[in-house]
Amino acid sequence: MNRELTCKEIMEDSHYRLGLELLAGSGGIDNIISSPYLQKPGLALAGYSGQMHLDRVQVLGETEMEFLSSLPEEERDLPVKRIFGLGVTCFMVTKGLDVPDLFLTLADENNIPLMRSRLSTSEFIERLERMLETRLAPYTHQHGVFVDVMGVGVLLQGPSGVGKSECAMDMVLRGHRLVADDVVQISMINPFKLVGRGAGIIRYHMEIRGLGIINIQDLFGHNAVRVEKSLDIVIELVHWDEDEQYDRLGFDEKRVKILEVEVPCLKIPVAPGRNMATVVEVAARNHLLKAMGRNSAISIKEKLEEKLGGGK
C-alpha cells in the first residue's frame, strides 16, 4: 500500500520539528501530497514552468525570494500568478523570510497553503525529505513484536501464546527498546531498507497475559522505547515439536520477503527452560558479527573441511 499526506498533517507533525506556520491558503489545507520529492521552483519564477511537478512541495528559499525582489514589479507578478494558476499542492518558505503580499493574496484565491518555517533552507529540506521518505513509502502491516536489540531491528513473529510479548518484555528489562507490539507497520524506504514503527494508538503499549495492557514508556521511561527502527532480522518463535527438524548448524541462511525486500530469518523453537530473551540477544549479536564479515558457522565448516582434506 502507498500512503498520502495532507498539508495539514505535515504542518501539525511534531516528530520532525519543521516549525511550520500557515500564512495563507487555509482553504487548501487538506490538499494531498503524494510525492516524496521536493521542488525549488526557481526556473518557474524566471518564466519557465514546463517542469513543474504539481504533486510536490514547492520550497522557496532565500535565493528564490531575493531573485523575485530584484525584479521590477511587472516582471515579477506574471510568473508568480502563472505558478499559482497551475494548481500546485503547497508552498513552504524557509528562514522566516518575508513573503510578498501577492503571494498571500494568490494563496487565498487559489486555496494553496502557504507556510513558513524559521529553519535554514538546507536543514528544512533535510528534515522534510526524511519525513516524506518515511511517511509516503509503500507499507504493510505485520503481526508480531518489534524490538531494537543493540542497534539491530528484530521482528519477533509466531503463533498466539508462544511468548513473543513476554520475550520482548524481558528484552526491555535488559535495556533494549520496544518499537511496537502486536501490529508493526513496515515501510519500504528504498529497495534495500525496511523501517518498522508502532501502529496508531497502540504504540508503546504491550499486552501481557495476566497483566493486561501496559504502557512501556510510562513504566520504564523514554529510553525503553523508540518511534521507528530499520528491520534487520525476523525471528519466528515456534512451539517445540519433537518431530520437527531445526537448524543446528546455521550453514544456510534463510530469508523472508517483505515488500519485495529479503530479510534474514531464523526459526527458534520455544520450550520450557529455554531463556528466549538470551537466545534472541545472542541472535542479534551474531547478526552484527555477520555484518562485519565473521560467520562462525561458515568458519567452523571451512576449518573442518581443511582438517578433513589434510588428512587424506
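**Salt bridges, sheet order and helix packing in a predicted model**

Glu253 has a relative accessible area of 40% and is therefore classed as partly exposed. The model in which this value was computed is a predicted one. The salt-bridge partner of Glu253 is Arg255, with 3.0 Å between the closest N and O atoms. Arg255 is likewise partly exposed, at 46% relative accessibility. Arg255 falls within β16 (254-258), an edge strand of the open sheet described below.

Confidence in the prediction was examined by residue and by element. The mean pLDDT of the protein is 89, and 98% of the residues reach at least 70. Of the elements, β7 has the highest mean pLDDT, 97, whereas the lowest, 79, belongs to helix α10 (residues 296-310). Where pLDDT is low, predicted coordinates should not be read in detail.

The pair Glu253 and Arg255 belongs to a wider set of charged contacts. In total, 13 salt bridges were counted. One of them joins the side chains of Arg127 and Glu123, at an N to O distance of 2.7 Å. Both residues are part of helix α6 (residues 121-135), where four residues, about one turn of the helix, separate them. An α-helix has 3.6 residues a turn, so residues three or four places apart point the same way. The two partners fall into separate accessibility classes: Arg127 is buried because its relative accessibility of 15% is under the 20% limit, while Glu123, at 27%, is partly exposed.

A further salt bridge is formed by the side chains of Lys229 and Asp232, at 3.6 Å from N to O. Lys229 is buried, with a relative accessibility of 9%. Salt bridges also link Asp170, Arg174, Glu281 and Arg285 into a network.

The open sheet consists of eight strands with mixed pairing, in the order β14-β11-β10-β8-β9-β15-β17-β16. Its edges are formed by β14 (228-230) and β16 (254-258); each of these has a single partner strand, so one side of each lacks a neighbour in the sheet. From one strand to the next, the twist averages 40 degrees. Within the order, β9 is followed by β15. Strands β9 (residues 152-157) and β15 (residues 233-239) run parallel and are joined by four bridges. In one pairing, Val154 has Ile233 of β15 as its bridge partner.

The burial pattern was then examined for two helices, α3 and α5. In α5 the buried residues are Phe103, Leu106 and Ala107. These residues lie on the same side of α5, because the arc they cover around the axis is only 105 degrees. Asp101 and Glu109 are exposed and are carried by the face turned away from this buried side. The buried residues of α5 are covered by elements including β2 (21-24), β5 (57-60), α3 (62-69), α4 (73-86) and β7.

Helix α3 has Glu64, Met65 and Leu68 as its buried residues. An arc of only 95 degrees around the axis contains them, which places them on the same side of α3. The opposing face, turned away from the buried side, carries the exposed residues Thr63 and Ser69. The elements against which the buried residues of α3 pack are α2 (42-45), β5, α4 and α5. Helix α3 is in turn among the elements that cover the buried residues of α5.

Backbone geometry was considered in the loops on either side of α5. Most residues other than glycine have a negative phi. Lys95, which is not a glycine, has a positive phi of about 60 degrees. This residue is located in the loop between β6 (90-93) and α5 (101-110). With a relative accessible area of 38%, Lys95 is partly exposed. Asn111 also has a positive phi, of about 55 degrees, and comes just after α5. The loop that contains Asn111 runs between α5 and β7 (114-116). Asn111 is partly exposed, its relative accessible area being 39%.

Technical notes:
Residues are numbered from 1 along each chain as its sequence is written. This is a predicted model: local features need pLDDT of at least 70, side-chain atom pairs count only at pLDDT 80 or more; totals for chains, interfaces and linings use all residues. Side-chain values use heavy atoms; hydrogens and water are left out. Buried means under 20% relative accessible area, exposed over 50%, partly exposed in between (1.4 Å probe, protein chains only). Two strands pair if DSSP finds at least two bridges between them. Axes are lines fitted to C-alpha atoms, for helices over the stretch in contact, and angles run from 0 to 180 degrees between N-to-C directions. The arc is that of the directions from the helix axis to the C-beta atoms. Contact means heavy atoms within 4.5 Å. A salt bridge is a side-chain nitrogen of Lys or Arg within 4 Å of a carboxyl oxygen of Asp or Glu. pLDDT is the predictor's confidence in each residue, from 0 to 100.
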